[in-house]
Amino acid sequence: MKDKGDFSQGSIVAHLLRLALPVMMAEFVHVLYNIVDRMFLGHMPGTGSLALSGVGIVFPLVSLINAFAYLCGTGSAPLCAIARGKKKHEEAQAILDTAFSMLILIGALLIVILYPLTDIILLYFGADDVTLPFAADYFRYYLPGTIFILISTGLNPIINMQGNSFVGMGTVLIGAVLNIILDPILIFQFNLGIKGAAIASVISQFVSAVWVILFLTSKHSAVQLKRFTIQKELMIQIVKLGVTGFMFKITNSFTQVVCNITLRAYGGALGTLYIGSMSIINSIREIVGLPAQSITNSGQSIESYNYGGTHYSRVRRTIKLMLLLTFTFTTLSWLLIQLFPETLIAIFTDDLELISLSVPNLRMYFACFFMMALQMVGQNTFIAHNCPRRAVFFSLFRKAILVIPLTLILPRTSLGVDGVFIAEASSQFIGASLCFFWMYISIYRKLRKTPNGKELEV
């Protein structure tokens, strides 16, 4: 069988497009999967705005669950790619087995720990007497599907790493289409409201998880899932490299908690509405960031493979191409948001007060979004080259060191509640610039050739 994951030959542009286009489609469907609940809930008669606020409060907990999928997925996929680039196929298989087993154990632990603490956690995360019933109803029905969520999200990068991007697209396509079908049926026809949205998500994730396992255990997978086992050394390697994606999600989660609490404190009588506005902004962020994320995630596999095979000139060309494409897409997304904010917000709500409130918030939040191309390329290059410490630092730097303090400080100034949204824009400019600059001097400049054409090792 032809090895679709051999990126040492052929056009890098062709490889990147072959990987990125289906991944982009898959990620778009995956985003729909995540936000379709908010789209339907926001249009519930009478309680739509409260349901959006409830889901906005639950969002950090959902990000927490996804963080563990990223821990295993972003940790195991580059390691598999490097092992395959070195032709160590048994090691690649052992990495897959270990990642799968870790996901199962983590999922079980999360269910046992979080379920009895749901109300307490949600209150600390910004819920009040009005929004708690909505948030708790959603999360209690969503949480039992944690293992399915972790498997489908955490193992799909290994499918894409092999060059089977269309199979990876199928993972999210199946779940997303099923979720879109089930949501209106369970929310409106069966009158389950926010509970119906959570149940639809769990059923859809179960089907996606089955799809992933069936492929990875088949002969069509270049790296096959064989057994439930954890190799300690491989687990440590997965955690070291995957901690970047994990910390990115964790800091996103914690940042959102701080934002919700601050919005409720400084938003006055409109505090709940501001939380609903932030829920819409998070949904839009997931959509507009898709193209650039798909490109950098796909390029990561090409970088890792060629780095493992010491084809350093191809790594440099991959980084250049990723930067060009991601900057193009983030700039186009920035223009779309600044020019047509009302259109984007109206997808999620027909509440005129919420729309009016959200327009300036959206523009402030995305004021420097075009700079995120630098963050994405720099961050993914650190991961592709197995540099977890640098990747973790810049993941923490933008969110934990910049966004969270600014979110707490700026609203105390004359900016008021606007400071919450300006904090994110400030971090996009500063954090992205520093991340890319350090990647350039520590990795890119060292990937060069000697005068006789022989490639140097970094």
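Ala, Val, Leu, Ile, Met, Phe, Trp, Tyr, Cys and Pro count here as nonpolar, Asp, Glu, Lys and Arg as charged, and the others, Gly among them, as polar. The model is predicted, so local features need pLDDT of at least 70 and side-chain atom pairs pLDDT 80 or more, while totals for chains, interfaces and linings use all residues. Residues are numbered from 1 along each chain as its sequence is written, and side-chain values use heavy atoms, without hydrogens or water.

**View 1. The whole protein is built from helices, with zero strands.** There are 17 helices (DSSP runs of H or I, at least four residues; strands are E, at least two; both are numbered from the N terminus). Along the principal axes, the C-alpha atoms fill a box of roughly 70 × 45 × 35 Å.

**View 2. Helix 3 crosses helix 9 at roughly 75°.** Helix 3 covers residues 89–114, and helix 9 covers residues 232–266. Their axes (lines fitted to C-alpha atoms over the stretch in contact, with angles from 0 to 180 degrees between N-to-C directions) come within 9 Å. Helix 3 is therefore roughly perpendicular to helix 9 (65 to 115 degrees; under 35 is roughly parallel, over 145 roughly antiparallel, the rest oblique). Helix 3 makes the contact (heavy atoms within 4.5 Å) through Ala94, Ile95, Thr98, Ala99 and Met102. Helix 9 meets them with Leu234, Met235, Ile238 and Val239. Eight of the contact residues are nonpolar, one is polar and none is charged.

**View 3. The largest pocket holds about 180 Å³ of space.** A pocket is an open set of points on a 1 Å grid over the protein atoms alone, with protein on both sides within 12 Å along at least five of seven lines; a cavity is a set where a 1.4 Å probe fits but cannot get out, and lining residues have an atom within 4 Å of a point. Points join across faces, edges and corners, and volume is the space filled by probe spheres set on them. The pocket has 13 lining residues. Nearest its centre lie Ile284, Ile287, Val288, Leu336 and Leu344. Helix 1 (12–41), helix 10 (271–288) and helix 12 (312–339) each give two or more residues. Helix 12 gives the most, with four. The lining has twelve nonpolar residues, one polar and no charged.

**View 4. The second largest cavity holds about 70 Å³.** The protein has two cavities of 30 Å³ or more. Thirteen residues line the second largest, with Thr255, Gln256, Arg285, Tyr365 and Lys399 nearest its centre. Helix 9, helix 10, helix 16 (388–409) and helix 17 (418–442) each supply two or more. Helix 9 has the largest share, four residues. Five lining residues are nonpolar, five polar and three charged.
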